[in-house]
Amino acid sequence: MATTGFLKGIENKVRGAVKRAVINHHRRGDTVLFSDTTLRDGEQMPGATLEPHEKVRIAQALEAAGVHSLDAGFPASSQADIEAIRLMIGVIKGPVLTALCRTVRGDIDAAEEALSDNPRHKRGVSLFCGTSPLHREHKLRKEQPEVLELITDTVGYASGKFDIVAFSPEDASRTEPDFLVECYKVAIDAGATTIGFPDTVGVMTPEKVYDIIRHIQDNVPNIDRALLAVHFHNDLGLAVANTLAGVQAGANVIQCTINGIGERAGNASLEEVAMALHLNQEQYGVKMNIDTTKLFELTQLVAELTGIGLSPMKPVGGDNIFATEAGIHQDGLLKNPDTYLPYRPEEIGARGIRLVLGRHSGRRAVAHRLHELGVELSDEQVLGVLDGIKEVPKGVSIDDDLLVQLAGRVTAPPAS
């Protein structure tokens, strides 16, 4: 019995040393980690329900894209979430699989059961507890000391079962900064390896984000023992900008969803954050392990499986991002695609540029498409086709058949 206890103590010391080494590695490194919550927070969007096998498909695509961890579900809330998590085990081998828990021991037990067959270093829990005055008074009905006691108890309980334990103070953006610091301190002391800053109702601005993340970095005395994650909602349309501000302020982990899906106005869009970092490496000074060539496919897959369509103007995934009808832009794109594109389609794994013919098109785009169709016209005849396009009624698409018809009209011999 004494030998068993001694060996257990050695095992715990080794495990603790490994955890500290991993945390130090990520804190010292210049790579920001992407934690995707499409399968949990994203699915909370009305109408976006996913079946377990559909979650596995998305998880596989996220793994291929290089995400570090997957917020795989909320086991205590649904048998379907447990089933989905179990289906991922043995299939998803790269990312860490995490489960959401309230600061309730039963939730942690449910997460342990759901994730039990995954390797210990590839499973974790994310605990949340309301900390703002609104949440303390109206939701928890607890005073500050009681909330701190609850955090200490449940994070400590979770750290006995999991090596990877995240704690997030729900409604952090409306929590008193000094109390927020105290929540983080007790969570880390209890065993949290990641602390999160969630802007639960999406009220932050980039300037405020930078200030509060720096405040956390400067005032949580044991911050060196945990990673810092940020999680922003999009109620003011600032979730991506706020996430980037968090990165600039030193956040190690960023939590996002594909297509920005989620409750109310949604979450920070993973593909938008990834491309912003990819195109502005000199500004943010961080690396990432996201394969941007997988992003377009991911946006389409999530839209298909959730049934939540994309705006044509949606960055990265929208139908129109590589399409133009304007003659000046079409001319420039034909001469050099970089004249009117922030990045080439192949950088996100998308199809090529699409020159849409319509009333705003120019001669060069019309001639280019006719040439692709094997129709060669003089400049004067192309202008005639362009005049015909401008006479087409609103709402009628200029497809190839109609274009060839219009070309036929300008090349037909005059009636005798």
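Buried means under 20% relative accessible area, exposed means over 50%, and partly exposed covers what falls in between. Keep those cut-offs in mind for the views below, which all come from a predicted model.

**View 1. The whole chain, before we zoom in.** The protein chain has 416 residues, and buried ones make up 50% of them. Its secondary structure adds up to 16 helices and 11 strands. Measured out along the principal axes, the C-alpha trace covers about 110 × 40 × 40 Å. Take the contacts with a separation of 6 or more: 74% of them join residues 24 or more positions apart. As for the outside, the accessible surface is about 19400 Å², and carbon and sulfur atoms account for 51% of that. There are 42 positive and 56 negative charges, and their mean positions sit 5 Å apart.

**View 2. D30 and K287 join up across the sequence.** Here the side chains of D30 and K287 form a salt bridge, with 3.9 Å from N to O. D30 is in the loop between α1 (2–28) and β1, while K287 belongs to strand β9 (residues 287–288), so this pair ties together parts 257 residues apart in sequence. Is D30 buried, exposed or partly exposed? Its relative accessibility is 36%, so D30 counts as partly exposed. This is one of the salt bridges in the structure, which holds 26.

**View 3. D81 and K55, a salt bridge between two helices.** The closest N and O atoms of D81 and K55 are 3.3 Å apart in this salt bridge. D81 comes from helix α3 (residues 79–88) and K55 from helix α2, so to speak two distant parts of the chain, 26 residues apart. What about cover? D81 has a relative accessible area of 9%, so it is buried. K55 is buried as well, because its relative accessible area is 2%.

**View 4. K185 and D189 pair up within one helix.** Both residues lie in helix α7 (residues 177–190), where 4 residues, about one turn of the helix, separate them. Their side chains meet in a salt bridge at 3.1 Å, N to O. K185 has a relative accessible area of 28%, so it is partly exposed. D189 is also partly exposed, because its relative accessibility is 42%.

**View 5. A small network: R40, D41 and D71.** In this view, salt bridges link R40, D41 and D71 into a network.

**View 6. T38, tucked out of reach.** Look for T38 in the loop between β1 (31–36) and α2 (52–65). With a relative accessible area of 0%, T38 is buried. Which residues does T38 touch, leaving aside neighbours within four places in sequence? T38 is in contact with E43, C256, T257, I258, I261 and V302.

**View 7. A negative patch on the surface.** E137, E143, E146 and E149 together form a negative surface patch. One of them, E149, is found in helix α6 (residues 144–159). Its relative accessible area is 57%, so E149 is exposed. That is the opposite situation to T38 in the previous view, which is buried at 0%.

Terms used
Residues numbered from 1 in each chain as written. Predicted model: local features only at pLDDT ≥ 70, side-chain atom pairs only at ≥ 80, totals over all residues. Heavy atoms only, no water. Patch = residues over 30% accessible without salt bridge, like charges linked within 9 Å, V, L, I, M, F, W, Y side chains within 5 Å. Areas by Shrake-Rupley, 256 points an atom, 1.4 Å probe, with all protein chains shown as cover. Salt bridge = Lys/Arg side-chain N within 4 Å of Asp/Glu carboxyl O. Lys, Arg positive; Asp, Glu negative; His and termini not counted. Charge placed at Lys NZ, Arg CZ, Asp CG, Glu CD. Buried < 20%, exposed > 50% of the residue type's maximum accessible area, 1.4 Å probe, protein only. Contact = heavy atoms within 4.5 Å.
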